[in-house]
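Reader: Hey, can we go through this one together? I'd like to get a feel for how the pieces fit.
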Amino acid sequence: MSRRLRLLIAAIGFAALAWLLLAAIDRGLALAQRFMGLPEGLRWLLGIAIALLAGGGIAVGFWWLRPRRPRGPVVAPDRASLEARLQTLRESGSEVEEIRNELGELDRRRASEKLYVAVFGEISTGKSSLIAALIPDARPDSDVRGGTTREVTHFEGAMPRGGEWTLADVPGSAEADGDARERMARDEALRAHAVVYVCAGDLTRTQGDELRWLGDFGKPLVLAINKADQWSPEDRERIVRQVRSQTTGIPDAVVAISAGGEERFTRRLADGTTEDVTRRRKPDVDALVDAIARLVAPGAQGLEALRENAVLARVHERTGEYEKAHRAAEADRIVARYARRAIVGAMAAVAPGTDLVIQGALAAGLVRTLADLYGVNVTDVDVDNLLRQARMTLRTGTSIVLAVAGNALKAFPGLGTLGGGVLHAFAYALIFDSLGRALAATLAERHTLDQADAGERMRELLGDASGSRLRRLAELTGDALRDR
């Protein structure tokens, strides 16, 4: 774009802005004149209303632009309650040794009184090279291809500012098919007394999420922006300023560093040939060393409470995952058990859905058993209302139930030739399976007996004709009829 054209566009923009400003002033004066022409009482009323609106707008603006306080760290439950929950899971057949081992590692590190610092971040950001710069005698395995660290490796040595520490080199995150290694890295980060998070420039969304995750656990944290030797001073200052604004209130310090490491390039020689050259870059980590020294100044004992809270909070999360999986498996068994009972009881009924009064006690037992599993208190009124809604759903969906059941039995000639009684039994298997699964999903997600949500889920499940589900219900129907 030529200079004259840019000047012309700027002049047009300035003229348009001036015109808008003059128009706004003219409109304001006209409104003021009309306002002054109003009766005095009405002027006072409108003036108060305008003042209230302006004050409210200013208050909202201040609230919106106020500095956000960082969220406090997750508070873990007491250890005794966690161990009791793990014992309950263990007695129910769940494999929880991995979580119990986490508690054992917590005790072992506390007894060792060693200071642990984890170096965490995405692959190819220079974590292993940074450890080599912080502990010169360490020999971590590093490679310019990235993703070299496959397990947690500890390196013990002297801190540059005095004292002893153990650095943990953990697998890098954001690696393809690296979920297990990423989980390993996160667990080690929580076990450490402090964390050095390494990035190589502006933060990605994934890196921002990882930092917030560490911040939620209250980890003492230094954010190290690596490869700063590759930027100009202006770019370096801009990147540091940008990262600090992205992470306000999360890391204790943000520093720019150069971890060193190897660089490879091809050099052309005077005779026209080329050669591959590998050389080491000189590390510059003084700012990081100072930041870490301030962070770990309380020592291992002084940071132990934060470390223990983070580990126990993570154990609490993972225990909850095991409990959720256990409840889901137990809910499946409960639904299958009641569906089997409904199949046997349905053989004497007239039509699917018309005898929920006859099988009402069975349906009520299903509701109460699932509610007890998920720790939700229900009254007789709650149960009656839910079953009343289920009956209404069945009255409008009986044709769908029969169509699904009939089509399903066509795929199983051994059952399909047994007549309407088998059709009725299969329909009841479908009804109780839909009711039980809908209620279990509602209780798991909402932790209350939400009748509307359970009813909507049941309606969807009644029309679900997926092959795997129908095969499972057909097998359940056949087994129940043979055993009755």
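Reader: So which strands does α6 lie across, and at what angle does α6 run to β1?
Author: α6 lies across β1, β2, β3 and β4, and runs at about 145° to β1. Axes are lines fitted to C-alpha atoms, for helices over the stretch in contact, and angles run from 0 to 180 degrees between N-to-C directions. Contact means heavy atoms within 4.5 Å.
Reader: Anything I should know about the model before we go on?
Author: This is a predicted model, where local features need pLDDT of at least 70 and side-chain atom pairs count only at pLDDT 80 or more, while totals for chains, interfaces and linings use all residues. Residues are numbered from 1 along each chain as its sequence is written, and side-chain values use heavy atoms, with hydrogens and water left out.
Reader: Ok, how many helices and strands are in the chain?
Author: The chain has 16 helices and 8 strands. Those are DSSP runs numbered from the N terminus: helices are H or I with at least four residues, strands are E with at least two.
Reader: What's the strand order in the open sheet of 6 strands?
Author: The order is β2-β3-β1-β4-β5-β6, with mixed pairing. The edge strands, β2 (153–158) and β6 (253–256), each pair on one side only. From one strand to the next, the twist averages 25°.
Reader: And what counts as pairing?
Author: Two strands pair if DSSP finds at least two bridges between them. In general, strands of a sheet pair through backbone hydrogen bonds, either parallel or antiparallel.
Reader: Do β4 and β5 run parallel or antiparallel?
Author: Parallel: 5 bridges join β4 (residues 194–199) to β5 (residues 221–225). One example is V195, whose bridge partner in β5 is L221.
Reader: Back to helices, where does α5 lie?
Author: Helix α5 (residues 127–134) lies across β1 (116–121), β2, β3 (164–169) and β4, and runs at about 165° to β3.
Reader: How do α4 and α6 pack, angle-wise?
Author: α4 (residues 97–112) and α6 (residues 179–191) pack at an angle of about 35°, and their axes are 11 Å apart. The contact is made by E98, E102, E105 and R109 of α4 with R183, E188 and R191 of α6. That divides into no nonpolar, no polar and 7 charged residues. Asp, Glu, Lys and Arg count as charged; Ala, Val, Leu, Ile, Met, Phe, Trp, Tyr, Cys and Pro as nonpolar; and the others, Gly among them, as polar.
Reader: What about α3 and α4, at what angle do they cross?
Author: The axes of α3 (residues 79–91) and α4 cross at roughly 150° and come within 10 Å. So α3 and α4 are roughly antiparallel to each other, a label for angles over 145 degrees (under 35 is roughly parallel, 65 to 115 roughly perpendicular, the rest oblique). Their contact includes L86 of α3 and L103 of α4, and its residues divide into 4 nonpolar, 1 polar and 7 charged.
Reader: New topic: where is E113, and is E113 buried or exposed?
Author: E113 sits in the loop between α4 and β1. E113 is exposed, with a relative accessible area of 55%. The cut-offs are under 20% for buried, over 50% for exposed and partly exposed in between, using a 1.4 Å probe and protein chains only. E113 also has a positive phi, near 60°, without being a glycine.
Reader: And what is phi for K227?
Author: Phi of K227 is positive too, about 65°, and K227 is not a glycine. K227 is in the loop between β5 and α8 (233–246), and K227 is partly exposed at 24% relative accessible area.
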